[in-house]
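Student: I have not seen this structure before. Could you take one part of it and go through its surroundings closely?

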Amino acid sequence: VPLGAPIRVRWRNAPGALRDWIGLYRAGETDVSQYLAFVYTEAAFSGEASVLQEPRGKALEPGAYELRLLHDESYVVLASTRVELVR
């Protein structure tokens, strides 16, 4: 994904809970409360959304990150995938 561009994310077979969410993490981050940005799935079993790369007003650096699907306003990780931000 080009540095600065929104990260498009698609999911399917999610539980569909009202506050399921997708968090953006540094690759390998073990503390699930340390997400950099997030977007709610809006109770959709499948869908797509964009995660912005300027969390808390701070631009991200190039490198490896992870997108994680988390269950209903919790830190229970249901799925994850890696994403690379490049210049």
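Tutor: Contact here means that heavy atoms lie within 4.5 Å of each other. The model is a predicted one.

The part to look at is Gln 53, which is found in the loop between S4 and strand S5 (63-70). Its relative accessible area is 3%. Buried means under 20%, so Gln 53 is buried. Leaving aside neighbours within four places in sequence, Gln 53 is in contact with a run of residues at the start of the chain, namely Val 1, Pro 2, Leu 3, Gly 4 and Ala 5, and with Ile 7. The other residues in contact with Gln 53 are Lys 58, Ala 59, Leu 60 and Leu 85. Two of these partners are reached at backbone atoms. The side chain of Gln 53 comes to 3.1 Å from the backbone oxygen of Pro 2. That side chain also reaches the backbone nitrogen of Gly 4, at 2.9 Å.

Next, step back along the chain to Val 51. This residue is placed in strand S4, which covers residues 47-51. Val 51 counts as buried because its relative accessibility is 1%, and the cut-off is 20%. With neighbours within four places in sequence left aside, Val 51 is in contact with Pro 6, Ile 7 and Val 9, and also with Leu 24, Ala 37, Val 39 and Leu 67. Ile 7 is thus on the list for Val 51, and Ile 7 is on the list for Gln 53. Glu 29 is 22 residues away from Val 51 along the chain, and the C-alpha atoms of these two residues are separated by 18 Å.

Some of the partners of Val 51 lead to the strands. An open sheet is formed by four strands in the order S3-S2-S5-S6, with antiparallel pairing. S3 and strand S6 (77-85) are the edge strands, each pairing on one side only. On average, neighbouring strands of this sheet are turned by 20 degrees against each other, direction ignored. Between S2 and S5, which run antiparallel, there are six bridges. Ile 22 stands opposite Leu 69 in S5.

The aromatic residues can be followed from here. There are five aromatic pairs in the structure. One of them is Trp 21 with Phe 38, edge-to-face, at 5.9 Å centre to centre and with 85 degrees between the planes. Trp 21 belongs to strand S2 (residues 21-26) and Phe 38 to strand S3 (residues 37-40), so this pair ties together parts that are 17 residues apart in sequence. Trp 21 is buried, at 4% relative accessibility, whereas Phe 38 is partly exposed, at 39%. Phe 38 also pairs edge-to-face with Tyr 35, at 5.7 Å centre to centre and 85 degrees between the planes. Tyr 35 counts as partly exposed, with 21% relative accessibility. One aromatic cluster is made up of Trp 21, Tyr 35, Phe 38, Tyr 40 and Tyr 75.

Two arginines complete the view. Arg 19 lies over the face of Tyr 40, at 4.5 Å from the ring centre, and Tyr 40 is a member of the aromatic cluster. Arg 68 lies over the face of Tyr 25, where the distance to the ring centre is 4.1 Å.

To return to the starting point: Gln 53 is a buried residue in a loop, and its side chain reaches backbone atoms of Pro 2 and Gly 4.

Note on methods
Residues are numbered from 1 along each chain as its sequence is written. This is a predicted model: local features need pLDDT of at least 70, side-chain atom pairs count only at pLDDT 80 or more; totals for chains, interfaces and linings use all residues. Side-chain values use heavy atoms; hydrogens and water are left out. Helices (H or I, at least four residues) and strands (E, at least two) are DSSP runs, numbered from the N terminus. Buried means under 20% relative accessible area, exposed over 50%, partly exposed in between (1.4 Å probe, protein chains only). A polar contact is a pair of N or O atoms within 3.5 Å; within protein, one must be able to donate a hydrogen and the other to accept it, and residues adjacent in sequence count only if both atoms are side-chain atoms. Rings of Phe, Tyr and Trp (its six-membered ring) pair if their centres lie within 6.5 Å; planes under 30 degrees apart count as stacked, over 60 as edge-to-face and the rest as tilted. A charge sits over a ring if NZ of Lys or CZ of Arg is within 6 Å of the ring centre and within 35 degrees of the ring normal. Two strands pair if DSSP finds at least two bridges between them. Axes are lines fitted to C-alpha atoms, for helices over the stretch in contact, and angles run from 0 to 180 degrees between N-to-C directions.
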